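Please read the following account alongside the coordinates. It goes through sheets, helices and one buried side chain in turn.

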Amino acid sequence: MSATPRQQEKPHLLAPPLHKVRGVGPRIAEKLAKMGLSDVESVLYSLPLRYEDRRQICKIAHLREQNIQVFAGKILAAGESRTARGKKLYEVVISDGTGQLSLKWFHYRRPWMEQRFTIGRQAVFIGELRRFGAIREVHHPEVHFLAAGQSLADLAKADPLSFGCILPVYSLTEGLHQKTARKIWREVVERYASQAVSPLPAAIVQKYDLLPLSEALQQVHWPNSKTSLQQLEAGTDPARRSLVFDEFFFLELGLALRRQGVDIEEGIAFRVEHRFTAPLAKMLPYRLTDAQRRVLGEIKQDMMAPRPMNRLLQGDVGSGKTIVALMTALIAIENGTQVAVVAPTEILAEQHFLQFHPWLEELGLTATFLSGSTPASQKKEILKQISEGAVDMVVGTHAVLQEGVKFHKLGLGIIDEQHRFGVRQRAALRKKGAQPDLLVMTATPIPRSLALTVYGDLALSVIDELPPGRTPIKTRVLVGNQRQKAYRHIRSEVEKGRQAYIVYPLVEETEKSDLAAASEGFDYLRSEIFRDFSVGLMHGRLKPEEKEQLMRAFKAGDIQVLVATTVIEVGIDVPNASVMMIEHAERFGLAQLHQLRGRVGRGAAASVCILMRSERCTEEGRQRLAVMEQSSDGFRIAEADLEIRGPGEFLGTRQSGLPDFRVANLLRDGRILEEARQEAFALVSEPGFMDNPRYADLLHELKKRWGGRLELASLG
């Protein structure tokens with residue numbers, strides 16, 4: 001739909017640059033720019049981090065611990081003293097008739113303190129009460145001295161940015177103070193918030209009791225005195241809830257249009273004849289689980305329909321996604337089309353190639369591998385084979401998405417998401433054919449709130465059952481000095497005929513130091529610790545055929561201890577391996593640890609995952625490792641990872657397709673996300689939605705907010 005002239009002429013009311021705001025000079029503008037704030041809109045949507053209740057003065061007797069409160073008192077005593085360890089401090093004792101309180105400063109200039117804190121002087125203080133045994137004290141409080149004859153009411157009237165209200169506290173950069181920030185934010189809110197308008201349909205606004213956008217922005221920055229402080233702190237007050245709904249609604253509206261765009265396009269209606277899938281099922285050394293069969297049924301239904309499949313396949317470590325993906329690929333191949341399998345790193349792409357090509361060969365089919373490091377001479381030949389239709393499956397990295405790669409007839413794209421591909425990469429793969437089907441896989445269970453935002457335009461299939469015969473894995477966290485204990489356990493398992501992995505962290509494929517760590521570890525283990533065992537070394541710089549040879553030797557039992565970088569994270573299935581030892585475990589994300597742990601416990605033997613952490617492990621690192629010890633549920637681990645690291649870190653890269661939310665919090669606002677999604681999808685399904693003039697403003701706003709990031713070019 002093309003934009004109407006009225007839409008094109010509409011001015012952006014919140015675009016004025018910040019130097020036009022009173023109180024923002026070049027120095028302040030520079031500091032705000034450091035925070036990513038350049039115009040009025042960016043300031044309006046930079047919301048308070050928390051709030052302080054300055055509505056009333058608390059009596060000293062009623063002060064509560066760990067709360068920033070306002071209290072007043074007369075100075076009874078003041079002077080320098082020392083702590084038990086001899087450190088100097090300045091102490092002031094005050095009273096308001098209900099009790100006494102000690103105020104302490106550890107950084108101060110004595111002459112200045114003595115001049116200000118004189119006996120008998122009255123002041124208002126703002127600070128957080130702490131208790132040490134029976135002693136209650138406040139460290140480094142904010143102080144406002146009362147002039148002779150000045151009452152507390154006079155002070156509130158003279159300084160409304162500090163007293164008599166609920167005050168916003170903003171996240172600021174160095175050199176920008178709260179009082180200065182409040183003046184700027186207040187000026188912006190008073191002058192511009194009234195111009196903020198959201199074209200949300202009135203019926204939705206009424207149904208969810210939402211505030212108009214202008215009022216929500218005013219209230220979220222400067223709550224009125226009746227607002228519940230508890231709701232403000234929890235982020236569930238009506239103003240923030242209205243802003244969150246507005247933000248989620250426009251995202252979900254975009255995703256709904258993307259989904260509908262795929263639904264109304266003509267795709268390939270595949271026929272399922274089992275020419276290759278039935279022989280593969282007979283070759284497999286196990287039966288597919290009920291969950292695998294159910295998911296394959298969902299995929300087949302999609303593939304047989306005359307529109308492109310757009311499906312996310314989610315399953316925990318070891319649930320058997322790879323075989324489902326291969327079965328899906330074979331349906332496309334038996335219909336005379338090609339398949340592209342794309343993974344975010346060369347290591348993972350190689351893993352898939354090493355897994356797929358033996359099965360395909362067995363069925364008389366061909367596969368080829370393509371990555372950024374494929375030599376030019378080979379690449380030319382590979383591209384020729386792809387364009388002529390001489391290969392059935394291409395496995396590779398982003399290189400497959402590049403312009404020079406032309407398919408003879410692409411019928412199916414499989415993306416091993418690993419959280420590294422966004423909407424644009426999926427669109428690029430789709431453009432390689434005439435609306436091919438798309439299957440996106442992820443081995444990391446994704447909390448529902450994330451799935452609805454990152455993958456909101458995809459239908460979801462979940463393999464929620466592990467294959468039979470899998471044994472629960474015990475997880476133990478050991479500190480560096482307990483390493484010998486871990487080695488003893490590995491030795492005892494190998495002596496029983498089992499095998500073990502020892503993994504060293506690999507932060508980036510190119511990081512030489514980590515490869516060196518694995519190589520040094522390998523030399524030490526082979527020559528000192530496990531001299532009487534066969535020890536192998538696997539890392540990302542080996543050629544694919546060398547890796548394949550190593551894995552065959554490990555599978556056959558010729559190698560008893562495999563030392564590796566994270567190259568073994570995905571797709572390696574050795575039922576006889578019963579120990580996974582991970583060095584510097586705190587350097588891994590929870591999702592990756594869960595992946596690695598899934599390499600053991602694949603046979604009947606009891607399996608153990610040993611997480612070695614350093615003595616200097618951070619508190620966050622300890623938290624993550626504790627979650628691994630306590631749970632083997634992938635969804636619980638994913639939720640914990642999201643809580644500890646936040647959505648951006650959880651997904652591992654900015655390219656993930658995760659939008660930058662200005663207001664919403666995926667952990668806190670899951671219910672609002674579900675409501676907004678429901679309403680957006682219902683609206684888009686209305687007949688003639690795109691051409692209805694009632695929704696012209698809605699579509700214009702959608703294009704402004706999300707157009708480029710959701711590939712919504714059709715909005716004009």
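The paragraphs below begin with conventions and then take up each sheet with the helices on it.

This is a predicted model, in which local features need pLDDT of at least 70 and side-chain atom pairs count only at pLDDT 80 or more, while totals for chains, interfaces and linings use all residues. Residues are numbered from 1 along each chain as its sequence is written, and side-chain values use heavy atoms, with hydrogens and water left out. Helices (H or I, at least four residues) and strands (E, at least two) are DSSP runs, numbered from the N terminus.

Strands of a sheet pair through backbone hydrogen bonds, either parallel or antiparallel. Here two strands pair if DSSP finds at least two bridges between them. One open sheet has 7 strands in the order S11-S12-S10-S13-S14-S9-S15, with parallel pairing. Its edge strands are S11 (367-370) and S15 (459-463), each of which pairs on one side only. On average, neighbouring strands of this sheet are turned by 20° against each other, direction ignored. S11 is joined to the parallel strand S12 (residues 393-396) by 4 bridges, and phenylalanine 369 stands opposite valine 395 in S12.

Two helices can be followed on this sheet. Contact means heavy atoms within 4.5 Å; axes are lines fitted to C-alpha atoms, for helices over the stretch in contact, and angles run from 0 to 180 degrees between N-to-C directions. Helix H12 (residues 290-304) packs on the sheet and touches S9 (310-315), S14 (437-442) and S15, its direction making about 160° with that of S15. H14 also packs on the sheet, touching S10 (338-342), S11, S12, S13 (410-416) and S14, and its direction makes about 170° with that of S11.

The second sheet is also open and has 6 strands in the order S16-S21-S20-S17-S19-S18, with parallel pairing. S16 (473-479) and S18 (535-538) stand at the edges with a single partner strand each, so one side of each has no neighbour in the sheet. The twist averages 20° from one strand to the next. S18 and S19 (residues 561-564) run parallel and are joined by 4 bridges; the bridge partner of glycine 536 in S19 is leucine 562.

H20 lies across S17 (499-503), S18, S19 and S20 (577-582), running at about 145° to S18. Helix H21 (residues 590-597) packs on the sheet as well, touching S16, S17, S20 and S21 (607-613), with its direction at about 150° to that of S20. Buried means under 20% relative accessible area, exposed over 50%, and partly exposed in between (1.4 Å probe, protein chains only). Because 7 of the 8 residues of H21 are buried, this helix is largely enclosed by the rest of the structure. Among the buried residues of H21 are Leu590, His594 and Arg597.

H14 and H20 also pack on each other. Helix H14 (residues 346-362) and helix H20 (residues 544-556) pack at an angle of about 65°, with axes 11 Å apart. They are therefore roughly perpendicular to each other, a term for angles of 65 to 115 degrees. Glu350, Leu354, His357 and Pro358 in H14 meet Pro544, Lys547 and Glu548 in H20.

The last stop is histidine 221, placed in helix H8 (residues 213-221). Histidine 221 is buried, with a relative accessible area of 0%. Beyond its neighbours within four places in sequence, histidine 221 is in contact with residues including Val43, Leu47, Pro168, Tyr170 and Trp185.

Definitions and conventions: Angles under 35 degrees count as roughly parallel, over 145 as roughly antiparallel, 65 to 115 as roughly perpendicular and the rest as oblique.
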